[in-house]
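Here are a few notes to read alongside the structure. I hope they help you find your way around on a first visit.

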Amino acid sequence: MNDTVTTPKTRTKTKVERPKLHKVILINDDYTPREFVTMVLKAEFRMTEDQAYKVMITAHKLGACVVAVFTRDVAETKATRATDAGRAKGYPLLFTTEPEE
């Protein structure tokens, strides 16, 4: 007799999920010129003049405004680069990130 034992092959199905998204938030301050904030929004987030102005005014009125939503790495990189652009000119411009719910 044949003493070979065969076992069925099991397949594991990997569950693929979308990466968690993070919001980039512009924090208002009373020292950074509006024109500079608009310029940074256009340069770093590829906004039009009108879009950048609306985001800047919303942050001015409410204290903060969501600029865009990206994956975590992209959001942190853009927020850091935008904040650094302000710091390079001596402004307290601040962009932060937080997870989207």
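1. Let's begin with the pairing of β1 and β3. These two strands run antiparallel and are joined by six bridges. Two of the partnerships are handy landmarks: K23 is bridged to E98 in β3, and I25 is bridged to T96 in β3. Please keep in mind throughout that this is a predicted model.

2. On to the other pairing of β1. Seven bridges link β1 with β2, again in the antiparallel sense. To find this pairing on screen, look for L26, whose bridge partner in β2 is C65.

3. Put together, the strands form an open sheet of three, in the order β2-β1-β3, with antiparallel pairing. The edges are β2 and β3 (94-99), each of which pairs on one side only. From one strand to the next, the twist averages 30°. As general background, the strands of a sheet pair through backbone hydrogen bonds, which may be parallel or antiparallel in arrangement.

4. How much of β1 is covered? Most of this strand is, with five of its seven residues buried.

5. Now for the helices that lie against the sheet. α1 lies across β1, β2 and β3, and runs at about 10° to β2. α3 also lies across β1, β2 and β3, and its direction is about 165° to β3.

6. α3 deserves a closer look. This helix has 17 residues and reaches 24 Å from its first C-alpha to its last, close to the 24 Å expected at 1.5 Å a residue. Which residues of α3 are buried? They are A75, K78, A79, A82, T83 and G86. Seen down the helix axis, the buried residues of α3 fall within an arc of 125°, so they line one face of the helix. The general rule behind such patterns is that an α-helix has 3.6 residues a turn, so residues three or four places apart point the same way.

7. What covers that buried face? The cover over the buried residues of α3 includes β1, α1, β2 and β3. On the face of α3 turned away from the buried side, you will find the exposed residues D73 and A88. After the helix comes G90, which has a positive phi, near 90°.

8. Next, the interior. The largest nonpolar core has 21 residues, and those with the most contacts inside it are L26, L41, F45, V67 and F95. Two or more residues of this core come from each of β1 (21-27), α1 (34-45), α2 (49-62), β2 (64-71) and α3 (72-88). In soluble globular proteins, nonpolar side chains tend to be buried together.

9. F45 is a good place to start exploring that core. What does F45 contact, leaving aside its neighbours within four places in sequence? The list is V24, V40, V67, A68, F70, K78, A82 and F95. Two of these, K78 and A82, are among the buried residues of α3.

10. Finally, a loop residue. T32 sits in the loop between β1 and α1. Is T32 buried or exposed? With a relative accessible area of 10%, T32 is buried, because the cut-off for that label is under 20%. Not counting residues up to four places away in sequence, T32 touches V37, Y91, P92 and L93.

How values were computed
Residues are numbered from 1 along each chain as its sequence is written. This is a predicted model: local features need pLDDT of at least 70, side-chain atom pairs count only at pLDDT 80 or more; totals for chains, interfaces and linings use all residues. Side-chain values use heavy atoms; hydrogens and water are left out. A nonpolar core is a set of buried Ala, Val, Leu, Ile, Met, Phe, Trp, Tyr and Cys residues joined through side-chain atoms within 4.5 Å. Buried means under 20% relative accessible area, exposed over 50%, partly exposed in between (1.4 Å probe, protein chains only). Helices (H or I, at least four residues) and strands (E, at least two) are DSSP runs, numbered from the N terminus. Contact means heavy atoms within 4.5 Å. Two strands pair if DSSP finds at least two bridges between them. Axes are lines fitted to C-alpha atoms, for helices over the stretch in contact, and angles run from 0 to 180 degrees between N-to-C directions. The expected span of a helix is 1.5 Å times one less than its number of residues. The arc is that of the directions from the helix axis to the C-beta atoms.
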